[in-house]
Amino acid sequence: MAVIRQEKRRLDYKKPDFTITDIDLTFELDLTATIVTAVSRVKRLTEDRKIPLVLNGDSLKLLDVKLDGAECAFRETENTLELDSVPDEFTLTVKTCINPKDNSELMGLYVSDGKFCTQNEPEGFRRITFFTDHPDVLARYTTHIIAPDGAYPFMLSNGNLIKDEVKDGKRVVTWEDPFPKPSYLFALVAGDFDELHRDFVTCGGRHVDVYLYVDKGQASCGTVAIDSILRAMEWDEKRFGLEYDLNRFNVVAVDFFNAGAMENKSLNIFNSKYVLVDAESATDTDFENVLSVIGHEYFHNWTGDRVTCRDWFQLSLKEGLTVFRDQEFSSDLCCRPIERIKAVNIIKGPQFTEDAGPMAHPIRPDYVMEMNNFYSVTVYDKGAEVIRMIHTILGEELFQKGMKLYFKRHDGCAVTCEDFVSAMEDASGIDLKQFRNWYSQAGTPCVSGSLRYDAEKKQAVYTFNQSTPATPGQSVKQPFVIPLSMALYGSDGRKILLKRNGEPVSEVQILTEEHNVVVFDDVPERPVTALLQNFSAPVKVEYPYAQGELETLLKCADDPVTRYESMQNIINSYIVLNTVNAQRRLPFTHSELVVQSFRYILEESGLDNRFMAYILRIPPVNTLMGLFTAIDLDAIIASRKELVRVLSVELADIWEKLYQKLLAEFRQRLAEGRGYECTEEQIGSRDLIRVALNFHVRGLVLKGEEAKASAIVSGHYRISDNMTDTLIALNAATAHNLESRHEILKDFESRWRDNALVFDNYFRAVASAPYPDTLDNVRKLMEHECFDLTNPNRVRALLGTFSQLNPECFNDISGRGYEFLTEILIKLNGTNPHVAAAIMTPMLNLNRLDIKRKGMITDCFNRIMRIPGLSDSIFEKIDKAFK
Ligand code: ARG
Ligand code: ZN
């Protein structure tokens, strides 16, 4: 029988016919047969009494249904439980049986390493009981957890602990959450953990008990996370005036988790990857991620829980806003320019790629088949950029005024993106009508600019044209409101004050038309133009920079993002040039300007180590693909390799000296007994030593001095006192295919094979190496005792890295990479299709690839489409790719 699949449409939203105001849930925990009794207070919201009550259900065994305590008629279909002619108000009791242990999809109630936990966003609650599982039904939850006494020392749910008693050998723990919430925010945890505790007093004087639960024996790896919770609580009070609203806040770390973490009301559940860190086993990035993910989930308490989404099309209402908030949190606490550059790289890499492919969607999508496919870089990260643009246009003060109005109007409600924008508009008095196009239109706008300098009138006249390529289902685009932050520099590198009609004007120029003219007066000479300062809009910019202009910006711009972007532009122009050369079988053009600029940055710029390391970053192949409509992968890879070769060889002395200098400082630190610290300064040294080591090693290999390179890398491995340096060495060894990789991998394996999160670094190092034997190595590692196809972290580390971060091997012209991933996708389809759908992204580029690769991916997709029981997650992506 053919499966009929249907997309849901945003515009089909209907107010619910019934609501559930209160629900009393009882869980009789059992690994394979948990009995769930749900007693709901149901209220009819429509006039029409003929409309049946329809409850959603998925993979449930129905045991019993009672209406006001009595038998009643009901209908069970594949995914619903329906009751006809019910009263206007009644109590419904539904008893179901579920099997948490065999829940490999990790949605609903499941077992992670012997511990019960839940993930209900977006539609997991219907895998626990029959319910109106939509975010616009807000109920008060009471939860009773029952288990044999002693079986699960910790039994947690949302809200306040009401009762904890033992009766007839059974322990019954009762929780009550006073805040009405949608079902996706319900959570339950039961198991044994180490417990960490902190006290927090809010600005309003409320005492909060903060608890963190981690695997037994891991308490020492939880201190950074629990301290980050307190920092987040404090920051949200200071910057947003938002106070925590209960006396208890719990975070639990589990090993099996599809996403990063989940903001369930007062019971956040985390992937342990974003909780467990210590100086010995975590990298600088791991530390930074813990702070930002802890912040993110905590901030959801207001932007997500107190005010939630009316329907899933509105996901960016909470996610875009909360990503913006966590970015600001990290920027205020760490280093703002670095945080900004990290965000920009996500947009210019994966987000622009998504916009250019078959899954392109607006931050508020119009059509969704499988909601899990829309927890995307577009909804999250571009969503955050859209909020940031509102912030740029309004300024901090009016933006905060808008936030206040938003909470005043919508606290306790399930609302839309439109409601958010209206609040911003009404609070600020700034018209955002056209701005709303950012919510409705997909695709990356391109702004192309040009300058006419009128020496007589001392005027700089800019023309900016915007256009947005068609995306699936949206062929014609209306112009966006683009806040374009610009600065003008004189030939001496000094900033020219922006003036119009004798008055100073803002650096942020708002473009609203397809064709825009922007004029500045009193410009003494033809200026050098900084465009899109601080990446003020998620757009591509084309501007015909004259010889030397990008260098001027690189050296003189006061905005760090402009300096960074200038170098990226310099690099990109050579990548494009040499990609074309490679295609035409012409010799490479010497990347003179890149070499000069690198030399300047390294020897003269005086930049701090961390920023220097970022500015010297060569964009990865995946990001470079975005420079082309049609992707000639082999030519891009060749062109990038050539650039790395030239830089390694021509700056060989500088790299060597820099590496030696940083290594000496590292040794000095060790000699002085100063330990690893996750400070900007230490991170900076490590970021830069990574860059220096890799160029130095590449240079040596190219000179035929492989043995020397190999020795340097194993030396680095040996002196390392921290995971970041250890991985710098490990990754260099695999990335440059050095002899020492065998011994380093072996040592790493023997030291870390018992720590799965750390061992993931081993998988990543092997899977990202761009060599012909990589695929065989990845296959072998699937047999490794540390690998587990049922654990999403393992799958992402080994298989996700191979498909997403190793474009060279994955897209090997033999087609082996595609065949391999296809096998994996077919396997995962039956166990965890959401994780499968997430790692198949690189195959969605097929229509921009060459005809041979496109043909091979098409064959793989056809094969997948024919498997019985294909999940909506995978189907939706392939179906779109074929359209
Ligand atoms: N709301 C969670 C967060 O962003 C993520 C939930 C992920 N769910 C999913 N189906 N991918 O913090
Ligand atoms: Zn979120």
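# A guided tour of the predicted model

Begin by selecting Pro122, which sits in the loop that runs between strand E11 (115-119) and strand E12 (139-148). What you have open is a predicted model, and every stop below should be read with that in mind. Turn on the backbone at this point and look at the peptide bond from Glu121 to Pro122, which is cis, with omega near -5 degrees.

**Ligand 1**

Keep Glu121 and Pro122 selected, since both belong to the residues around ligand 1, and add the others: Asn258, Ala259, Ala261, Met262, Glu263, His296, Glu297, Glu319, Asn372 and Tyr375. Two elements, strand E20 (261-262) and helix H2 (284-299), are the ones that give two or more residues to this shell. If you colour the shell around ligand 1 by class, you will find five nonpolar, three polar and four charged residues.

**The five-stranded sheet**

Strand E20 leads to the next selection, an open sheet in which five strands follow the order E17-E18-E19-E21-E20 with mixed pairing. Strand E17 (194-201) and E20 are the edge strands, and because each has a single partner strand, one side of each is left without a neighbour in the sheet.

Walk across the sheet from E17, which pairs with strand E18 (residues 207-214) in the antiparallel sense over eight bridges. Here Arg198 has Val210 in E18 as its bridge partner. The two strands E17 and E18 make a hairpin with five residues between them, and Gly205 in the turn has a positive phi of about 90 degrees.

Stay on Val210 and look to its other partner, for Val210 also stands opposite Phe249 in E19; E18 and E19 run parallel and are joined by five bridges. One step further, strand E19 (residues 248-254) and strand E21 (residues 267-271) also run parallel, again with five bridges between them, and within this pair Val251 has Asn268 in E21 as its bridge partner. As you follow any of these strands, it helps to recall that side chains in a regular strand alternate between the two faces of the sheet.

**The N-terminal region in the record**

Now select residues 24-185, where an unreviewed UniProt entry places the feature "domain: Aminopeptidase N-like N-terminal". Over this range the chain is 0% helix and 55% strand, and the C-alpha atoms at its ends are 15 Å apart.

Next, select the open sheet of eight strands, whose order is E6-E5-E9-E3-E2-E12-E15-E14 and whose pairing is mixed. Its edges are strand E6 (70-71) and strand E14 (160-167), each with a single partner strand, so one side of each is left without a neighbour in the sheet. Further in, strand E3 (residues 34-44) and strand E9 (residues 89-98) pair in the antiparallel sense over ten bridges, with Thr37 standing opposite Lys95 in E9.

Beside the E6 edge, pick out Asp68 in the loop between strand E5 (61-67) and E6. Although Asp68 is not a glycine, its phi is positive, near 45 degrees. Is Asp68 buried or exposed? Asp68 counts as exposed, because it has 12 C-beta neighbours inside 10 Å.

**A second loop to compare**

Move to Phe535, in the loop between strand E34 (528-530) and strand E35 (540-542). Phe535 is another residue other than glycine with a positive phi, in this case near 50 degrees. Phe535 has 23 C-beta neighbours inside 10 Å and therefore counts as buried.

**The second annotated region and helix H5**

Select residues 225-437, which the unreviewed UniProt entry labels "domain: Peptidase M1 membrane alanine aminopeptidase". The chain here is 55% helix and 9% strand, and the end C-alpha atoms are 38 Å apart.

Then choose helix H5 (residues 377-410) and find Lys408 in it. Lys408 counts as exposed because it has 10 C-beta neighbours inside 10 Å. For a sense of scale, draw a distance from Lys408 to Val166: the two are 43 Å apart, C-alpha to C-alpha, and 242 residues apart in sequence.

**The nonpolar core**

Finish with the largest nonpolar core, which has 255 residues; those that touch the most other members are Val189, Val252, Ile269, Leu484, Ala692, Val713 and Leu798. Helix H5 gives the largest share of this core, eleven residues. Centre the view on Ala692 last, where, leaving aside residues up to four places away in sequence, its contacts are Trp655, Leu658, Tyr659 and Leu662.

Definitions and conventions
Residues numbered from 1 in each chain as written. Chains lettered and ligands numbered in written order. Predicted model: local features only at pLDDT ≥ 70, side-chain atom pairs only at ≥ 80, totals over all residues. UniProt positions renumbered as here; feature names shortened; annotations may be inferred. Helix = DSSP H or I, 4+ residues; strand = E, 2+ residues; numbered from the N terminus. Near = placed C-beta within 6 Å. Nonpolar A, V, L, I, M, F, W, Y, C, P; charged D, E, K, R; others polar. Buried ≥ 20, exposed ≤ 12 C-beta atoms within 10 Å, placed from the backbone. Pairing = 2+ DSSP bridges. Core = buried A, V, L, I, M, F, W, Y, C linked by C-beta atoms within 7 Å. Contact = placed C-beta atoms within 7 Å.
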